[in-house]
Amino acid sequence: MSGAAGSAGVRDGVAGARRVVVKVGSSSLTTAAGGLDADRVDALVDVLSTARGGGEREIVLVSSGAIAAGLAPLGLRRRPRDLARQQAAASVGQGLLVARYTASFARYGVRVGQVLLTTDDTSRRAHYRNAYRTLDKLLAMGAVPVVNENDTVATDEIRFGDNDRLAALVAHLVRADLLVLLSDIDGLYDGDPTSPGTTRIPEVAGPRDLDGVSIGSAGKAGVGTGGMVTKVEAARIAAAAGIPVVLTSATHAADALAGRTTGTYFHPTGRRSADRLLWLAHASTPRGALTLDDGAVRAVTERRTSLLPAGIAAVEGDFTAGDPVELRDAEGRAVARGLVNFDAKEIPLLLGRSTRDLARELGPAYEREVVHRDDLVVLKH
């Protein structure tokens, strides 16, 4: 069985994964005071460089730590809550972070390439293709992409929110064979890992395996945004996209990459979907909403057709063409999400009308879908 432990205690399919995304959290890279810990960075790079071998294995590193690395140089004692100071810390810290990785990987003759992403870069079709091409070319040229959210320009509306989810989506983007999530805890436990009597969950075959499991929300170090909740959600996203996941501590990274039975292993639960739809479902923030009549809801969710103006009953929000919007039924429940082809101010003119009538009255540009089926993902409840 793919992903199961073999006779020698090695997880089949993990040790042989050729393209791997590794995510490391702030607490695994920084000191308690908020600066980068050079020894910790070097230890991680030692493991990743060994795992790469002679280049037979490709590694994409999703690294937190920019904001945390910028705290001490700016005289900040703790992670600021306001976005502006977070962005200032990220601006200082991102350069320090990549410089540290560049120097550390250089010990092995390996180059790194910085890739900063926002959700806006990845939910739009052209930007998505460009992100894939850049990462794929870096890997083909033997470099290690170091990916982070572009905190210096991201607003609350276009943020991934945590690098765990970003890592799951990057794994899907680059068509990875494996996702490894590294933190300061050596796996998922059935309760608070600091409490007596709790045990580590070695494998998760599906969502039902987590029924009744209490998952904490905060990291121990206080320098990152994620906790176990975000890691489990990231694992679910990747597993649903057909990518196996190992969740463990940074100190067990070598075992995880070698396929040894460390941490918690999440079995794939689904198959790979169309490229951008995973991003649309999990990384986009709707800028508005369209309410559909019952016929349009059935057409979109059951027949998987495009959304036409005739099926729209109402519109809300302030969005422009290309933005993600939520598609709702008459009761206000979100049934789908898609990239809209018209500005919000245009749509009231289109409500309930056929594309043929619209084209005759307003011109051929209006003889098209409001949301094309290729830019639409049905939400599961």
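Among contacts in the protein between residues at least 6 apart in sequence, what share joins residues at least 24 apart? In this predicted model, the share comes to 72%. The protein has 381 residues, and buried ones make up 50% of them. As for secondary structure, there are eleven helices and 13 strands. The surface that the protein exposes adds up to about 17,000 Å², with carbon and sulfur atoms supplying 49% of that area.

Next comes the inside of the protein. The largest nonpolar core holds 41 residues, and the members that touch the most other members are V21, V147, V170, L179 and L188. Quite a few elements chip in: at least two core residues come from each of the strands β2 (58-63), β3 (112-117), β5 (178-183) and β7 (245-249), and likewise from each of the helices α5 (125-140), α6 (163-173), α7 (228-240) and α9 (275-282). The top contributor is α6, which hands over seven residues. There is also a second core, separate from this one, with 29 residues; L48, A66, V180 and V246 are among them.

L179 makes a handy example of what such a core residue touches. Leaving aside residues up to four places away in sequence, L179 is in contact with V21, with the alanines A167, A168, A171 and A238, and with I243, P244, V245 and V246. One of these partners, V21, is itself listed with L179 among the residues that touch the most other members of the largest core. Another partner, V246, is included in the second core.

Then there is strand β4, which spans residues 144-149 and is mostly covered, with six of its six residues buried. Which residues of β4 lie on each side? On one side sit V144, V146 and N148, on the other P145, V147 and E149, and all of them are buried, so that both faces are covered. β4 also has strand partners. With β3, the pairing is parallel and runs over six bridges, and here Q114 stands opposite V146. With β2, the strands again run parallel, this time joined by two bridges; V62 has V147 as its bridge partner in β4. That same V147 turned up earlier, as one of the residues touching the most other members of the largest core.

A couple of loop residues have backbone angles worth a look. Most residues other than glycine have a negative phi. R175, however, has a positive phi of about 60 degrees, and R175 is not a glycine. This arginine lies in the loop between α6 and β5. Is R175 exposed, partly exposed or buried? Its relative accessibility is 36%, so R175 counts as partly exposed. R304 tells a similar backbone story: phi is near 55 degrees, again a positive value in a residue other than glycine. The loop that holds R304 runs between α10 (294-301) and β10 (312-317). With a relative accessible area of 51%, R304 is exposed, because the cut-off for exposed is over 50%.

Finally, D37 sits in the loop between β1 (19-24) and α1 (38-52). A polar atom of the D37 side chain lies 3.1 Å from the backbone nitrogen of D39. What else does D37 touch, not counting residues up to four places away in sequence? The answer is L29, T30 and T31.

How values were computed. Residues are numbered from 1 along each chain as its sequence is written. This is a predicted model: local features need pLDDT of at least 70, side-chain atom pairs count only at pLDDT 80 or more; totals for chains, interfaces and linings use all residues. Side-chain values use heavy atoms; hydrogens and water are left out. A nonpolar core is a set of buried Ala, Val, Leu, Ile, Met, Phe, Trp, Tyr and Cys residues joined through side-chain atoms within 4.5 Å. Buried means under 20% relative accessible area, exposed over 50%, partly exposed in between (1.4 Å probe, protein chains only). Helices (H or I, at least four residues) and strands (E, at least two) are DSSP runs, numbered from the N terminus. Contact means heavy atoms within 4.5 Å. Two strands pair if DSSP finds at least two bridges between them. Accessible areas come from the Shrake-Rupley method with a 1.4 Å probe; for residues, only the protein chains shown count as cover. A polar contact is a pair of N or O atoms within 3.5 Å; within protein, one must be able to donate a hydrogen and the other to accept it, and residues adjacent in sequence count only if both atoms are side-chain atoms.
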